[in-house]
Amino acid sequence: MVFYPQERLGLFIDGSNLYAAARALGFDIDYKKLLDVFRKNSQLIRAFYYTALIEDQEYSPIRPLVDWLDYNGYTMVTKPTKEFTDATGRRKLKGNMDIELAIDVMEMAEHLDHIVLFSGDGDFRRLVDAVQRKGVRVTVVSTVRSNPPMVADELRRQADTFMELQDLAPSIMRAHTPREEYHAPTQDDEADDD
């Protein structure tokens with residue numbers, strides 16, 4: 001990683017894209033560790049996290065994560081998903097956050113020296129090009145080690161630096177503590193108590 005201590009840094013996380021890439025590599029992200037990694041190497045100005053939420057559900061599995069991120073140093077950008085019926089008559093949900101992310105990157109570019117984009121979406125190639133012309137360095141974080149690769153080749157080529165998510169994993173992965181298995185006391189255990 002090439003980050004400088006005096007550098008003003010912004011993180012822009014495409015939540016669904018990062019989640020899919022980490023899942024494809026077989027790990028979960030510890031978002032506190034992720035912030036810590038970038039805080040210790042630069043001046044982290046802002047960390048944005050983008051995700052769509054299903055509104056009409058009593059419980060959304062992503063809601064606890066969204067709430068935790070909101071209280072722990074992330075700027076949350078959310079919007080409700082849209083429901084539509086596809087050509088085959090199946091009900092689908094759509095929640096693309098690309099335009100929100102692009103607007104925030106453009107607005108923040110004048111306050112940043114370096115942008116880290118957590119997404120492999122090729123639609124962001126022109127955005128990366130635009131902020132580079134403003135003098136901002138751009139690092140793209142995604143993976144080529146999944147099958148198929150999660151990063152579009154054109155986005156990877158446009159970035160100043162490509163960071164392989166799998167290489168970052170040891171620093172940002174969530175540690176899973178295996179649950180202790182319960183076993184019923186045996187006669188030997190009871191004899192030990194005597």
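**Exercise 1. Find the partner with which R39 forms a salt bridge, and work out how the two residues are placed in their helix.**

*Solution.* R39 forms a salt bridge with D36, and their closest N and O atoms are 4.0 Å apart. Keep in mind as you look that this is a predicted model.

Step 1: Locate the pair. R39 and D36 are separated by about one helical turn, because they are three residues apart in helix α2.

Step 2: Check how open each residue is. R39 has a relative accessible area of 44%, so R39 is partly exposed. D36 is partly exposed as well, at 31% relative accessibility.

Step 3: Recall the general idea. Side chains of opposite charge can pair when their charged atoms come close.

**Exercise 2. Locate the salt bridge between R126 and D129, and decide whether D129 is buried or exposed.**

*Solution.* Step 1: The side chains of R126 and D129 meet at 3.0 Å, N to O.

Step 2: Both belong to helix α5, which covers residues 125–132. Being three residues apart there, R126 and D129 are separated by about one helical turn.

Step 3: D129 has 18% relative accessibility. Buried means under 20%, so D129 counts as buried.

**Exercise 3. Trace the network of salt bridges that contains R23.**

*Solution.* Step 1: Begin with R23 and D28, which form a salt bridge with their closest N and O atoms 2.9 Å apart.

Step 2: Compare the surroundings of the two. R23 is partly exposed, with a relative accessible area of 44%, whereas D28 is buried at 14%.

Step 3: Add R174, which is linked with R23 and D28 in the network. For the wider picture, the structure holds 13 salt bridges.

Step 4: Look at what else lies around R174. K32, in helix α2, is 142 residues from R174 in sequence, yet their C-alpha atoms are 9.4 Å apart in space.

**Exercise 4. Describe the surroundings of D14, a charged residue that is buried yet has no salt bridge.**

*Solution.* Step 1: Find D14 in strand β1, residues 8–14.

Step 2: Look for an opposite charge. The nearest such side chain is K79, 11 Å away. A salt bridge needs the nitrogen and oxygen within 4 Å.

Step 3: Look for another polar partner. The side chain of D14 makes a polar contact with the side chain of S119, at 3.2 Å.

Step 4: Leaving aside neighbours within four places in sequence, complete the list of contacts: besides S119, D14 touches Y50, D98, L101, F118 and F124.

**Exercise 5. Map the largest nonpolar core and say which helix gives the largest share.**

*Solution.* Step 1: This core has 30 residues, and those touching the most other members are L11, L34, F38, Y74, F118 and L165.

Step 2: List the elements that each supply at least two residues: β1, α1, α2, β2, α3, β6 and α7. The largest share, five residues, comes from α2.

Step 3: Zoom in on L34. Beyond its neighbours within four places in sequence, L34 is in contact with L11, I13, I29, Y74, F118 and I172.

Step 4: Do not stop at one core. A second, separate core has 24 residues, including L127, V131, V151 and A152.

**Exercise 6. Show which residues surround F27.**

*Solution.* Step 1: F27 sits in the loop between α1 and α2. Its relative accessible area is 5%, so F27 is buried.

Step 2: Apart from neighbours within four places in sequence, F27 is in contact with A22, L165, A169, I172 and M173.

Step 3: Take A169 from that list. F27 and A169 are 142 residues apart in sequence, but 7.7 Å apart in space, C-alpha to C-alpha.

Note on methods. Residues are numbered from 1 along each chain as its sequence is written. This is a predicted model: local features need pLDDT of at least 70, side-chain atom pairs count only at pLDDT 80 or more; totals for chains, interfaces and linings use all residues. Side-chain values use heavy atoms; hydrogens and water are left out. Helices (H or I, at least four residues) and strands (E, at least two) are DSSP runs, numbered from the N terminus. Buried means under 20% relative accessible area, exposed over 50%, partly exposed in between (1.4 Å probe, protein chains only). Lys and Arg count as positive and Asp and Glu as negative; His and the chain ends are not counted. A polar contact is a pair of N or O atoms within 3.5 Å; within protein, one must be able to donate a hydrogen and the other to accept it, and residues adjacent in sequence count only if both atoms are side-chain atoms. Contact means heavy atoms within 4.5 Å. A nonpolar core is a set of buried Ala, Val, Leu, Ile, Met, Phe, Trp, Tyr and Cys residues joined through side-chain atoms within 4.5 Å.
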